[in-house]
Amino acid sequence: MKSLNQEQAKRITDRVLSLSKADECTVGIEGSRVGNVRFARNSVSTAGLTEDMQLVVRVAFGKRSGTAVINEFDDKSLEKAVRRAEELAKLAPENPEFMPAIAKQEYRATTTFVPKTAAIDPDFRAEVAATCIELARKNKLVTAGFFTDSTRFSTIANSNGVFGHQDFTDLSFSLTARTEDGRGSGWVTRSAVDAARFDAREAAEIAIEKALRSVEARALEPGRYTVILEPAATSEILGNMFGAFDARSADEGRSFLSKAGGKNRLGDKLFDSQVNIWADPWDKDVPVAPWDNESLLARERTELVKDGRVASLDYSRYWAQKTGKRATAGHGNMIMAGGTKSLEELIEGTKKGIVVTRTWYIRMVDPQSLLLTGLTRDGTFYVENGKIKYPLKNFRFNESPVTILNNIDELGKPQIIGGDEVPFQMVLPPMKVRDFNFTSLSDAV
């Protein structure tokens, strides 16, 4: 792959910093090797490997800044990029919210790299596809899926002595299985840093079982029901809330965390007491870079919600300076505490309810209350006396993550959730929630 070790990357960043004539200079280098296999209608459609590496240099003269990006690393190209960034900075207007480069930081390494994942090759990817296709054909189903793995590195440096270098691996997988007549559909997703924690057969069997069980779906009158939400059903919904813990938007009255009079809801109890949510770059399941790429501030473990109360807000460097608060690094993951029960055990303890595998096409209705609308898909089932009785036609829902986290009856064992549809790497539990608002039926399968 196109990669640099820490020593090689530091030589380049040192060279770029030495070339700059600006008041300050910040450098970032990223390189990646990304492999993938995609299949549809039980046949592989595409497979490939891409490699890339680029350098970003940002300079500033006073409050004027300029940025240049290159993918060539000889001395001539490096100098050309620095000069270009300086030219742009001199032409740029002053930024009234400009913040100078941060002081030197101490970055504590996280375990974001696993050799087994970095060793994934075309044979491994082909085996993932073959396993899914073989199981689908055996069950007379049609599958479509996408598996991707990446090995990458990130290096940061600035003229104040900041330097960090980190290696990463990860993989993601999603699979849809459908009956040949299109009346039944099941879906599953998986994400991991360590390939040893991924089992294509186990994942495929879940999607296949849901597809087979979802045939002959019945209509149920829309309304408010107890629901058992799988982690994939809440990941995007909760992601909209996790990204809204911004102090500035709360202070300026633009957030669900705003109060009258320019105040925010820090310390207020907004959720059920079972709700505990935090960010932790060193989490063993979803480790992330020890710095925030936006500010380069060192990350730390941060409580967002503690026993249902808002425990912290995110302060950008500018807003922290303006309000006299401490600046915080952006979060790369979100972890929510849960219980010990499996999804099946939550179902067994439910007298009447609805199991939701997945939510889809989620859109904002009201930013102030975080009211969202979306659809259920790929496996929605009616539960009675602890057992799945029959599949249901899908619903449209109107619901807020704030309301969902207020109406929790029980939480299950947390699972890793990642991929392109969510804004963070997450660990979320399945949830049994009362009074979930289904507004209409949907023809989606």
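The following exercises, with worked solutions, concern selected helices, strands and residues of this structure.

The model is predicted, so local features need pLDDT of at least 70 and side-chain atom pairs count only at pLDDT 80 or more, while totals for chains, interfaces and linings use all residues. Residues are numbered from 1 along each chain as its sequence is written, and side-chain values use heavy atoms, with hydrogens and water left out.

**Exercise 1. Describe helix α1 and determine how its buried residues are arranged around the axis.**

Step 1. Helices (H or I, at least four residues) and strands (E, at least two) are DSSP runs, numbered from the N terminus. Helix α1 comprises residues 6-19, 14 residues in total, and reaches 20 Å from its first C-alpha to its last, close to the 20 Å expected at 1.5 Å a residue. The expected span is 1.5 Å times one less than the number of residues.

Step 2. Buried means under 20% relative accessible area, exposed over 50%, and partly exposed in between (1.4 Å probe, protein chains only). The buried residues of α1 are A9, I12, T13, V16, L17 and L19. They cover an arc of only 165° around the axis and therefore lie on the same side of α1; the arc is that of the directions from the helix axis to the C-beta atoms.

Step 3. An α-helix has 3.6 residues a turn, so residues three or four places apart point the same way.

Step 4. E7, R11 and S18 are exposed residues on the face of α1 turned away from the buried side. The buried residues pack against β1 (24-40), β2 (43-61), α2 (75-91), β4 (141-158) and β5 (163-179), where contact means heavy atoms within 4.5 Å.

Step 5. At the start of α1, a side-chain oxygen of N5 comes to within 3.2 Å of the backbone nitrogen of E7. A polar contact is a pair of N or O atoms within 3.5 Å; within protein, one must be able to donate a hydrogen and the other to accept it, and residues adjacent in sequence count only if both atoms are side-chain atoms.

**Exercise 2. State the strand order of the open sheet of six strands, and identify its edge strands.**

Step 1. The order is β3-β2-β1-β4-β5-β6, with antiparallel pairing. Two strands pair if DSSP finds at least two bridges between them.

Step 2. β3 (64-70) and β6 (185-192) are the edge strands, each pairing on one side only.

Step 3. Antiparallel strands β1 and β4 are joined by 15 bridges, and G28 stands opposite I156 in β4.

Step 4. Helix α2 lies across β2 and β3, running at about 150° to β3. Axes are lines fitted to C-alpha atoms, for helices over the stretch in contact, and angles run from 0 to 180 degrees between N-to-C directions.

**Exercise 3. Which of D378 and N385 is buried, and which is exposed?**

Step 1. Most residues other than glycine have a negative phi. D378 has a positive phi of about 60°, and phi of N385 is near 50°.

Step 2. D378 lies in strand β15 (residues 371-384), whereas N385 is in the loop between β15 and β16 (387-391).

Step 3. D378 is buried, with a relative accessible area of 1%. N385 is exposed, at 56% relative accessibility.

**Exercise 4. Locate S400 and identify the backbone oxygen that its side chain reaches.**

Step 1. S400 is in the loop between β17 (395-399) and α10 (401-404), and is buried at 5% relative accessibility.

Step 2. Its side chain reaches the backbone oxygen of S369 at 2.9 Å.
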